[in-house]
Structure formats: structure tokens, C-alpha cells
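Biologist: Could you walk me through this model and tell me how each label is earned?

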Amino acid sequence: MKIFNTLSRRKEEFVPLEPGKVKMYVCGPTVYNFIHIGNARPMIIFDTVRRYFEYKGYDVNYVSNFTDVDDKIIKKAIEEGVDAETISKRYIAECKKDMADMNVKPATTHPQATQEIQGMLEMIQSLIDKGHAYVAADGTVYFRTKSFKGYGKLSHKNLDEMMSGFRELKVTGEENKEDPSDFVLWKPKKDGEPYWESPWCQGRPGWHIECSVMSKKYLGEQIDIHAGGEDLIFPHHENEIAQSEAANGKTFANYWMHNGFLNIDNKKMSKSLGNFFTVREIGEKYDLQVLRFFMLSAHYRSPINFSAELMEASKNGLDRIITSAERLKELQGKVSGDTLTEEERENKKTVDELVAKFEAAMDDDFNTADAVSAIFELVKLANSTANEENSKAYVELLAGTIAKLSDVLGIITERKAEVLDSEVEEMIAARQQARKEKNFALADEIRQKLLDMGIVLEDTREGVKWKRA
């Protein structure tokens, strides 16, 4: 299995620290509002990475945090006249709901920054003791960037080149720094902000130290994979490496994975452009399985463009898989025979080849786009070869293989049972009554009204079936 490592800028063979186990840390969201579709991409991508490791038999310890103390959370709390904890608790719950709807598995541990303050105080003190950090006159603690020789190795930035950029950016309140490139580990409280006691001042942690401490506590001083969006490479992940390796004296993470940006209609998503979408808003128009399928349609390192047309294409693609899976499920109740026929054995070779194609795609830096195409080929094979003349063994082979590979991608092949509201139920019943009375004009009129509401009816021998358009 090969992973593109941001650190080396090349694909590397994955060799775990401990055979059969994967220690993986993924930076989670700052919880001050509903998560947006940009947040959704790393959640879906790295959940899929985890699922594939588990499919390959690895025991995965998957840690993804919630940043629950931050300027944005405090700002929202002040606007609403509540405390920061009220805001973070609310949006952690909302985030978990969206994650469940996207079929993102809960992490092994979801640590919260505010519950790990003691560990942060200890790591900061260790960095001060080792000469990697210092306390400014106002009680702010800074990391001494020049004390860490490897600074810039992840972002491939040269510290001297960065210095000229830092000199241009004179930030108010940072006059106490020894060097413009030094970053905050602990900062003094402001009026009305949450704070904790520390040896240096009443205050709160800097953002970067939080992830270093949570990763160390739940995964150990060294981990296999650290992941997140490419916007986190610098400064967040660069700073994590500096403080973790300076404190622990060990390589922090062996593999760094970063997903590409998400654009909206070929433009960067931003509130000012009016093209900002939350996952909850998308969920009002589409089953969030469609959003997941869309995210997996491109390679995770490539930028991906979100548009109504591409979401419709993803909806249709996902429907092809689900419809095929449903058909195979129905067939299983109509066929018999535990042994494959000679023709079916030949077809099984094709099934095995497509499973190998799927695995080869995923082994090559988690190429989900090619993995999806292997599933589509399986669907095509099932649609063209499976019928009531087949053995049960063959139908079950196709159904099981499509379900298993789809599950690796987090795609649910069973259509969700949907509850119709009473108005729609009454309309379907009225149409049935009109047909009984041979009032076909009325029946057609009701069918069209339902279609306008996005409900498609299908008259079968077993009765009326329906689905969302």
C-alpha cells in the first residue's frame, strides 16, 4: 500500500510502527457553527482511509478532535449572550449528527481541547525547560522557532525566506516576541473570555499545542498518520511537528496526508461570495450519501469542484448502485442452488478481477475515483448476467461483493426507508381508488401532482412502489 507523504512529496510504501496496527490522528473542526462542506471533505476522505485499513485487517486507533475553545467560539458566545461551553456543546452535537448522516464512523476517541488543559500545561513547561519556549512579560508563552532545526520541513518553506514575510506582518500585541516567526503556546485571557490557571498567567492555550497534546495522550509520542486539509500544512501542522518533536525527542508522524481544496462552481467557497453551504443545507436537498459519493468521485489530493450538475451526476451514479443492489436482493428470494454453474464460474473470475482492481486503486494512495469505477463495472456485470435462471450462490456472490466494496467507501447500498407525510399517503390512496373506479384521468392527474412533488410511482404486480425523483 502506497501513501503520498506531504513530508517527502512522494508516494511511500506504508509500514506501520506496530505490525497490524495503525495510529491515525485527523484534525477536526472548530465547533462554533454547523459544519460546512469544506469540513465534510476530510471527514469523508479519512473515514474512507480508515475503513480501507480495517478492510485490510488493520486495527485502527483513529483520533479526531473537536477544537472547543477558540476566538470564533468566544465571538459567537458573546453575540448570543451565553458562555463558550454552551456554543461548543451545541455544535459538537450538531456535527456528530451530520457525520452520522454522511456515514462517517465515530472516531475511536473524540477528544476536546478544554478537557486536556493539564496535558498542555505539562508539554509547555517541558518546552520551556528544554529551551524551546519562553515566557514574555505579559505571561504569553512563545515557541522559539529557531531552536528547532527541522522547522519548515513539512511545508518545504525556508525559515530565512519566511522571516522576510513575517517582517512585513507586524501584529499588534506581539512586540514581546524574540523573533517574528515564534508562535503562541499560551496566551493571557481577555475580559469575558474562558480561562485556566497556569504558572505564567490566567489564560488559554494556543491552537497548535492542543493537537500535539491530544495526539500524544491518545496515540503516543509517535504516530503512523497525521491528516487534515491542505490549508493546515502551514502553520498548524508545521508547528505541531516543531513542538511535538522538540518536547518528545522523536519523529512525530511518519506519514502526512492532506486533502485538496473544495471549490464551488470553480470559485473558492466564502460567505462574502454567497456560495457558502453547510452540510445541513445540502442535506435538505440531497441524501448526504450523495454528498459522500460526490466527495469520493475525485482523488482526495485533487481540488474538487462542487456544483448542482455534479451533485445530480453523483445522485444518479449512487442510484445505479443502489438499484442494482435492490434488484439482487429481490432475486435472492427467487433463486435456488448452492453451486455455481460453469458459466457463473467464468463470471466469478471477472468478479475477482474487479475486486483486485478495486484494491489496486485503493492501495495506490487511496484512489477512490478508480475504486468507484470498479464498483460500477461490478454493477454492469450484475445487471447483464444476473436473472431468475441463476444459482442463488451466484446472485449472493454479486450482492455480497457490491455491498462489501461499497461499505469500504462508506456507501450504504440499502435504500433508506422513507416516511411519507399524511398528505402524500392520502394522494396515493386516492389514486388507487380512482383506478378502481376506472377514473383514469383523475389517477393520471394525481400521479402528475406527486411527480411535481418529487415522488415517482411505479405500478408493479406486487402493488404500487414509489421513490424520490
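**Salt bridges, helices and cysteines**

Modeller: Let's start with Arg51 and Asp407, whose side chains meet in a salt bridge, 3.5 Å from N to O. The pair links distant parts of the chain, with Arg51 in helix H1 and Asp407 in helix H13, 356 residues apart. Please keep in mind that this is a predicted model, where local features need pLDDT of at least 70, side-chain atom pairs count only at pLDDT 80 or more, and totals for chains, interfaces and linings use all residues. Residues are numbered from 1 along each chain as its sequence is written, and side-chain values use heavy atoms, with hydrogens and water left out.

Biologist: Why is the pair Arg51 and Asp407 called a salt bridge?

Modeller: The term asks for a side-chain nitrogen of Lys or Arg within 4 Å of a carboxyl oxygen of Asp or Glu. Arg51 and Asp407 are at 3.5 Å, N to O, so the pair fits that definition.

Biologist: How do you know whether Arg51 is buried or exposed?

Modeller: Buried means under 20% relative accessible area, exposed over 50%, and partly exposed in between (1.4 Å probe, protein chains only). Arg51 has 8% relative accessibility, so Arg51 counts as buried. Asp407, with a relative accessible area of 44%, is partly exposed.

Biologist: Which residues are linked with these two in a network of salt bridges?

Modeller: The network joins Asp47, Arg51, Arg292 and Asp407. Within it, the side chains of Arg292 and Asp47 meet at 2.6 Å, N to O. Arg292 lies in helix H9 (residues 288-295) and Asp47 in helix H1, 245 residues apart. Arg292 is buried at 0% relative accessible area, and Asp47 counts as buried at 0% too.

Biologist: What makes 342-363 a helix, and how do you know that its length fits?

Modeller: Helices (H or I, at least four residues) and strands (E, at least two) are DSSP runs, numbered from the N terminus. The expected span is 1.5 Å times one less than the number of residues. For the 22 residues of helix H11 that gives 32 Å, and the end C-alpha atoms are 32 Å apart, so the two agree.

Biologist: Which residues of H11 are buried?

Modeller: They are Glu344, Asn347, Val351, Leu354, Val355, Phe358, Ala361 and Met362. They cover an arc of only 120° around the axis, which puts them on the same side of H11; the arc is that of the directions from the helix axis to the C-beta atoms. On the other side of H11, Glu342 and Glu353 are exposed. The cover over the buried residues includes helix H1 (37-55), helix H12 (368-385) and helix H13 (392-408).

Biologist: How many disulfides are there?

Modeller: A disulfide is a pair of cysteine sulfur atoms within 2.5 Å, and by this rule the count is zero. Cys27 is in no disulfide, as the nearest cysteine sulfur, that of Cys211, is 3.9 Å away. For Cys95, the closest cysteine sulfur is in Cys27, 14 Å away, too far for a bond.

Biologist: What makes Cys27 and Cys95 count as buried?

Modeller: Cys27 has a relative accessible area of 12%, so Cys27 is buried. Cys95 is at 1% and therefore counts as buried as well.

Biologist: And what is Glu193 in contact with?

Modeller: Contact means heavy atoms within 4.5 Å. Leaving aside neighbours within four places in sequence, Glu193 is in contact with Ile74 and Arg204. At 13% relative accessibility, Glu193 counts as buried.
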